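This report describes selected features of a protein model. Please examine the sequence and the structure before reading the sections that follow.

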Amino acid sequence: MSSSFDLHVQTTVSPHNGQTYHVETYPASKDLDRTLESAAQSQKEWIKTTLADRIAKGRKFIEKFSALASREAPATYDHGLLGHHNLAEELCHQMGRPVDQCWGEFKGFLQRATYMLDIAESCLSDVTFSDDQPGFSRSIKRVPLGVIFVIAPWNYPYLVMINSVLPALIAGNAIVLKPSPQTPLTALRFKEALNDAGFPADLIQVVHLSPPLTQYIVQHKLVDFVVFTGSVAGGKAIEMAAVAADGFKGVGLELGGKDSAYVRADADLKDAVTQLVDGAMYNAGQSCCAVERIYVHESVYDNFVDEYVEEAKKLVLGDPTNKGTTLGPVISIASAEQIRKQVSSAVQMGAKALIHENLYPKAEPGTTFVAPQVLVDVNHTMDIMKEETFGPVIGIQKVSSDAEAIELMNDSKYGLTASIWTKSSDDFNNLADQVQAGTIFLNRCDSLDPALAWTGIKNSGRGVSLSKFGYDQLTRAKSINMRINTT
């Protein structure tokens, strides 16, 4: 199941049981005008505050969100339909990830928030120059863009919001935040913690929008920058809308991936298997940086495949609200059918499926439950190795050399992350320089470090979040050049 729409109402349906979980009503365009005007006015006042004050409020936000996440289903969590849930249960019901794994998202959220606050002063303070020109004073300021429109996804809503929303606020911007129709309550919880921490109520506006209203906001004269995380098709639509607006509106895009892994002959196979199963199957494979294709050196290929299949079979597919479940549903029946179609097409073209579907009776056609699957005898004529899957499926291909592996890794229209599994850091460094991706991992995968720039190439997007460069995307440089002595 997924969210459904009519002209005025947005309905969120829980993927695992098909029940309506939450309903929102779309605003009228005139109401959006007032929302944007309020945000723009609040931003003018917000920028008058000191950076130190904004950072202090950011740290207070961490405290408030931590308290919010740890509470046991207070009345403020009532979404009006199915009773009270704590934050992890609420997220589980919205998008289907097992409850225990939802807590992991909150941990990453707080880690990223803390780091971005820790580096804020050094990133946003003025750049000054030594007095090598008597009679002159020069500096470069980082100034806010104004009102930033953030369009968040459903698969990791809290993590993506923290990548852009908190740094943008600390930099002096206002935020208009559109959550996914599948996870509408996440933005409300985020705003609740911000307001409790002392951020002005009008500075962050949460909006629930139909596609036409989304385009209206993108093109609005009061919106200065747009941050979008989602599909390639969605990113193109946002880019085209921004281009059609007056002026030259900036857009940051984090889009799809078909992330690769290369297991060399000298890799620690046990470690590689454990991490690559997790990297491919966690969150039912619904991550832009999930591992979706693996290349294995022929000398260790058979052992790797055997161990990988046995590890994947340990996954427990089921109701994500049950404690023993380690693999929940995918987001919608349409998504499930597309994943099954990709697997079926690969098998028809000669691939071999190594996990018998009878092991997972819950994974029936017409449901959102998809069994984990490992495919071998795959090649790049198959969509399973070329097109984004976004499901708990992996293709494993045998290679004879580093050169062949790198060629196949780069044979993709995506370029978000890639991983190389080897005991030689020297060889890794040489190979990493040849791989076309925004992040290259050694002996790890599907992981973000807030100190590092999160960025993609090709169809994986444009722009940067996290790290010191994340602040650059949310500000602009303003040069100050003063001639002090005029006599």
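Which residue in β12 is the bridge partner of S260? The bridge partner of S260 in strand β12 is R293. The model under discussion is predicted, and every value below was computed from it.

## Strand β11 and its neighbour β12

Strand β11 covers residues 259-263, and strand β12 covers residues 291-297. The two strands pair in the parallel sense, with five bridges between them. The pair S260 and R293 links β11 to β12 in this way.

Strand β11 is mostly covered, since five of its five residues are buried. Burial is found on both of its faces. On one side lie D259, A261 and V263, while S260 and Y262 lie on the other.

## Helix α13 and what covers it

Helix α13 is formed by residues 402-410. Its buried residues are A405, I406, L408, M409 and N410. Strands β11 and β12 are among the elements that cover these buried residues. The cover also includes the strands β15 (393-399), β17 (417-421) and β19 (457-458), together with helix α14 (425-432).

## Strand β18 and the loop before it

Strand β17, which helps to cover α13, pairs with strand β18 in the parallel sense over four bridges. Residue A418 stands opposite I440 of β18. Along β18 (residues 439-442) the side chains alternate. T439 and F441 point to one face and are buried, whereas I440 and L442 point to the other face and are not buried.

The loop between α14 and β18 contains G438. With a relative accessibility of 29%, G438 counts as partly exposed. Apart from its neighbours within four places in sequence, G438 is in contact with G415, L416, T455 and G456. G438 and S460 are 22 residues apart along the chain, and their C-alpha atoms are separated by 8.8 Å.

## Helices α3 and α7

Two packed helices are described by the angle between their axes and the distance between the axes. Helix α3 (residues 87-95) and helix α7 (residues 184-196) pack at an angle of about 155°, and their axes are 9 Å apart. Angles over 145 degrees count as roughly antiparallel, and α3 and α7 are therefore roughly antiparallel to each other.

Which residues of α3 meet α7? On the α3 side they are L87, E90, L91 and Q94, and on the α7 side P184, L185, T186 and R189. The residues of this contact divide into four nonpolar, two polar and two charged.

The loop between β7 (174-178) and α7 holds Q182. Is Q182 buried or exposed? Residues under 20% relative accessible area count as buried, and Q182, at 3% relative accessibility, is therefore buried. The side chain of Q182 reaches the backbone oxygen of V13 at 2.8 Å.

## An open sheet of three strands

The strands β4, β5 and β21 form an open sheet in the order β4-β5-β21, with antiparallel pairing. Its edge strands are β4 (127-128) and β21 (475-483), each of which pairs on one side only.

Strand β5 (residues 136-144) runs antiparallel to β21, and nine bridges join the two. What is the bridge partner of V143 in β21? The partner of V143 there is R476.

## Residues with positive phi, and an exposed proline

A284 has a positive phi of about 55° although it is not a glycine. This residue A284 is found in the loop between α10 (269-281) and β12, and A284 counts as buried at 3% relative accessibility. K458 is another residue other than glycine with a positive phi, near 55°. The place of K458 is in strand β19, and at 36% relative accessibility K458 counts as partly exposed.

P361 lies in the loop between β13 (352-353) and β14 (373-376). Exposed residues are those over 50% relative accessible area, and P361 counts as exposed because its relative accessibility is 60%. P361 and L317 are 44 residues apart in sequence, and 9.2 Å separates them in space, C-alpha to C-alpha.

Notes. Residues are numbered from 1 along each chain as its sequence is written. This is a predicted model: local features need pLDDT of at least 70, side-chain atom pairs count only at pLDDT 80 or more; totals for chains, interfaces and linings use all residues. Side-chain values use heavy atoms; hydrogens and water are left out. Axes are lines fitted to C-alpha atoms, for helices over the stretch in contact, and angles run from 0 to 180 degrees between N-to-C directions. Angles under 35 degrees count as roughly parallel, over 145 as roughly antiparallel, 65 to 115 as roughly perpendicular and the rest as oblique. Contact means heavy atoms within 4.5 Å. Ala, Val, Leu, Ile, Met, Phe, Trp, Tyr, Cys and Pro count as nonpolar, Asp, Glu, Lys and Arg as charged, and the others, Gly among them, as polar. Two strands pair if DSSP finds at least two bridges between them. Buried means under 20% relative accessible area, exposed over 50%, partly exposed in between (1.4 Å probe, protein chains only). A polar contact is a pair of N or O atoms within 3.5 Å; within protein, one must be able to donate a hydrogen and the other to accept it, and residues adjacent in sequence count only if both atoms are side-chain atoms.
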